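Please walk me through this model in the viewer, one selection at a time. For each stop, say what to select and what is found there.

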Amino acid sequence: MIEISGSETGQVLKCYHCGDECDDDFIEIDNQYFCCHGCKTVYEILHENGLTQYYRLEKNPGISQKEKPQNTNFDFLDNPEIRQNLLSFSSENFQNISLKLPAIHCSSCIWLLENLRSLKQGILDVKVNFSKKEALVSFNPKTISLKEVALLLESIGYPPEINLSTKEETAKNTNRNSLTIKMGVAGFCFGNIMLLAFPEYLGFTGEFTRELKFVFSYLSLLLALPVVFYCSSDYYYSAYRSLKSGFVNIDVPIALGITVLFLRSAYEITFDAGIGYLDSLGGLLFFLLIGKWLQSKTYEGLSFERDYKSYFPISVTRIDSGKPKHVGLKEIETGDRLHIRHSEIIPSDARLLSDKAVIDYSFVNGESAPVSFRKGDYIFAGGREVGKGIEIEVIKKVSQSYLTQLWNNEVFKKAKEDFKTLLINRISQYFTVIVLGIALVAAISWYFIDISQVWLVFTAVLIVACPCALVLSSPFTNGNVMQVFGRMSLYLKNADIVEKLNEIDTIVFDKTGTITHNDKQGLVYEGERLDSRQLAMVKKIAGNSMHPLSRAVYAGLSSVQDEAEMEEYTEIPGRGICAKSGGHEIRIGSAEFTGLNGRPSQQASGEVHIMIDSMYYGHFNVGTKYRPGLKTLFKKLKDHYTILLLSGDGERDLETVAADYVDKNNVHFNKSPQDKLDFIQQLQRRGQKVLMIGDGLNDAGALKQSDIGIAVTDNVANFTPASDAILLGNNLKFLDKFLDFGHYAKKIIIASFVLSFLYNIVGISLAVMGYLEPIAAAILMPLSSISVVLFTTLSIQLTAKRRKMFTP
């Protein structure tokens, strides 16, 4: 589409790419006009690669290339040390990096960047964080270098902002300082305009007073200029970008109201038709900026982009003075020595201290083939140790935001309808159009009632209306719920999980390690005697596993000196462990896995069988001990949900489970990990919404397949990317409280929606009737958003306190 306005002599052409006006030396190609060669080049690149959809999503979505700095020097990205410091992950065929792209501004930007792989071979994937103006770029270093990635982004109008010394708070502080300065300027001008208007306020008359009024009016007009052209700049820019993209956001009526007040005031002062409304204009901007500042402070104080240093439920084993000690991630420092067991996550960039290691990075890059490392190699965070335990030395402090980014990886996301977000966006957009119509009708009506009130009423209606509370209701309610759940050691992947809890009608429990204890269980050995050396080998191997029965064996052998070394280690989910220690091959696991024939169907829960050098020795009997409080929990849940239990164990505990926990017909034993996943799929095909609760080891597939998956953990680094939440095992008994609180949160969202609508109905009505000055409207508008935020926050927090939603 070509934008042309004016006559043949005064024709105005707009650039097809960026929307800027074209000069006389405009460029025409494919029947489109461009303001410069830069915009034309970007268009050609997109056209050649079949990405012209970019121009159909938004109107003139590009950034002007006229003043773009040319030939940015990215040569420093060829330096291996600098590159390693910037990359989030690096392997032979895969690297990713988070880049700041300030030019991101609309949905077309997101679409183009996330289709960047179509522009250049070697780009694997791009994920855009619109609010932070960042993109996580994954690429193949064999095909395209980091420097070439940066140059590619620059060539299409998104030059990356790379600064090794940049801190996360820099951008936030810059924005905050800018807002503070604007607030100060607006306050200064508002105060002085009011001071200059005193003769008018007090009704002074006389020739001298008339001359003073004349001088004071022009001084006030002069003071209003920075208010309009500096303090209001954010509103004008936002309104411009909104209109350019083809929709009307909330800043459009604000910018229109400011413009109307200023132009009307300038007209009255210039033609001596009155004193104008500059005091109202100054007050309007001053209180709008104060409200914006209060909003930012309120949102910061209630921010739900979580501080994972205190919020993320992973612990690691640190070696202190030669002894292992479990510590939280926030306690890890550069130079610390960590012990990483089989299947544990590498929490930070580190150097390998052990002779060799095999790391599974499918969590990061989706590739199933593990990567081998040698002593001294640099290991990136995010991989899982496969095999025998290793020791590493921390090189970078733990980036918990990076681990969370991995947790929210697209690979582990579940498809969901986004109707609520679509509805809110539609309401917000049409709300603003309706408000503009109401303001126009009110102004016309007041023209026939009292012409002096026309501009004040028009502006007050535009300013007081605010759909922001609609948008804020859900994220702040769910964010507060996340905080409450976090205090009770239930950690959600994101706020959407809170709303999905309301849809659940079926709960499926795993047994071992979920409703039973992972440790502190009675351990009895039956079989051929194991000598101290053999016990040490068994302890060493069991201690490297995350499985609850292995952890119980390890805990039960705490008095045994584990001086044994481990040469090889392989763990097969649902079956057992095969390892080599001191030249001996050892198998630990199920009866069938250890070669004990004749009783595979009689495999009892809690039995860990031992085979050394192809000779069966016996088994450890780990006494089944159920978590306290679960009988009451299951009794409450049965009234509202369908309850089922899956287990890979034999049926020895069937009668106990059926009597105290789950109906006999809903208990299913001898289920492999694949069986569990298939079972969840069957339930979903019947239309049931499934909450799966497991330990994240043998049921990771089922957790991912379920509508919501909760991994139960007991103070170990059992970080399960396929899960939607992680729950401390001792607090499983509070599951009914979590579900009930999720339902309550839904009611709070509905109530805050009603509160927002009532505010707008009352506020607009008062403005239309002429009872609301623009200054009062400017005070009320941000207060409406703050009131909804405070309402949701106080309602959730006070109700949580009343319901004792905290860990005793």
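## Stop 1: a serine between two helices

Begin with Ser232, which sits in the loop between helix H8 (207–231) and helix H9 (233–244). The model is a predicted one, so every value on this tour is computed from predicted coordinates. Is Ser232 buried or exposed? Ser232 is buried, with a relative accessible area of 0%. To see what surrounds Ser232, leave aside its neighbours within four places in sequence and show Val227, Ile258 and Leu285, which are in contact with Ser232.

## Stop 2: helices H10 and H16

Select helix H10, residues 251–270, together with helix H16, residues 454–464. Two packed helices are described by the angle between their axes and the distance between the axes. For H10 and H16 the angle is about 160°, and the axes are 8 Å apart. Angles over 145 degrees count as roughly antiparallel, and H10 and H16 are therefore roughly antiparallel to each other. Their crossing is left-handed.

Now show the side chains at this contact. H10 contributes Pro253, Ile254, Leu256, Gly257, Val260, Leu261 and Arg264, while H16 contributes Trp455, Leu456, Phe458, Thr459, Leu462 and Ile463. Coloured by class, the contact of H10 with H16 has ten nonpolar, two polar and one charged residues.

## Stop 3: helix H5 and the glycine after it

Go back along the chain to helix H5, residues 146–155. Which residues of H5 are buried? They are Leu146, Val149, Ala150, Leu152, Leu153 and Glu154. An α-helix has 3.6 residues a turn, so residues three or four places apart point the same way. Then select Gly157, which follows H5 and has a positive phi, near 95°.

## Stop 4: two more buried serines

Select Ser138 in strand S8, residues 134–139. Ser138 is buried, with a relative accessible area of 7%. Leaving aside neighbours within four places in sequence, the residues in contact with Ser138 are Phe94, Gln95, Asn96, Gly122, Ile123, Leu124 and Asp125.

Next select Ser348, in the loop between strand S11 (337–340) and strand S12 (350–352). Ser348 is buried as well, at a relative accessible area of 2%. Add Lys397 to the selection: Ser348 and Lys397 are 49 residues apart in sequence, and their C-alpha atoms are 6.4 Å apart in space.

## Stop 5: an open sheet of three strands

Strands of a sheet pair through backbone hydrogen bonds, either parallel or antiparallel. Display the open three-stranded sheet with the order S14-S13-S16, in which the pairing is antiparallel. Its edge strands are S14 (371–374) and S16 (384–385), each of which pairs on one side only.

Put strand S13, residues 356–360, at the centre of the view. On one side, four bridges join S13 to S14, and Ala357 has Phe373 of S14 as its bridge partner. Towards S16, S13 is joined by two bridges, again antiparallel. There, the bridge partner of Ile359 is Glu385.

## Stop 6: strand S28 and its parallel partners

Move on to strand S28, residues 690–694. How many of the residues of S28 are buried? Five of its five residues are buried. Both faces are covered: Val690, Met692 and Gly694 lie on one side, and Leu691 and Ile693 on the other.

Add strand S19, residues 506–510, which runs parallel to S28 and is joined to S28 by four bridges. Here Ile507 stands opposite Leu691. Then add strand S29, residues 708–713, which also pairs with S28 in the parallel sense over four bridges. In this pair Ile693 stands opposite Ile710 of S29.

## Stop 7: helices H21 and H25

Finish with helix H21 (residues 630–637) and helix H25 (residues 735–768), which pack at an angle of about 35°, with their axes 9 Å apart. Show Leu633, Lys636 and Leu637 in H21, which meet Leu735, Asp736 and Leu739 in H25. By class, this contact of H21 with H25 has four nonpolar, no polar and two charged residues.

Notes:
Residues are numbered from 1 along each chain as its sequence is written. This is a predicted model: local features need pLDDT of at least 70, side-chain atom pairs count only at pLDDT 80 or more; totals for chains, interfaces and linings use all residues. Side-chain values use heavy atoms; hydrogens and water are left out. Two strands pair if DSSP finds at least two bridges between them. Buried means under 20% relative accessible area, exposed over 50%, partly exposed in between (1.4 Å probe, protein chains only). Contact means heavy atoms within 4.5 Å. Axes are lines fitted to C-alpha atoms, for helices over the stretch in contact, and angles run from 0 to 180 degrees between N-to-C directions. Angles under 35 degrees count as roughly parallel, over 145 as roughly antiparallel, 65 to 115 as roughly perpendicular and the rest as oblique. A crossing is left-handed if the near helix is turned anticlockwise from the far one by less than a right angle, and right-handed if clockwise. Ala, Val, Leu, Ile, Met, Phe, Trp, Tyr, Cys and Pro count as nonpolar, Asp, Glu, Lys and Arg as charged, and the others, Gly among them, as polar.
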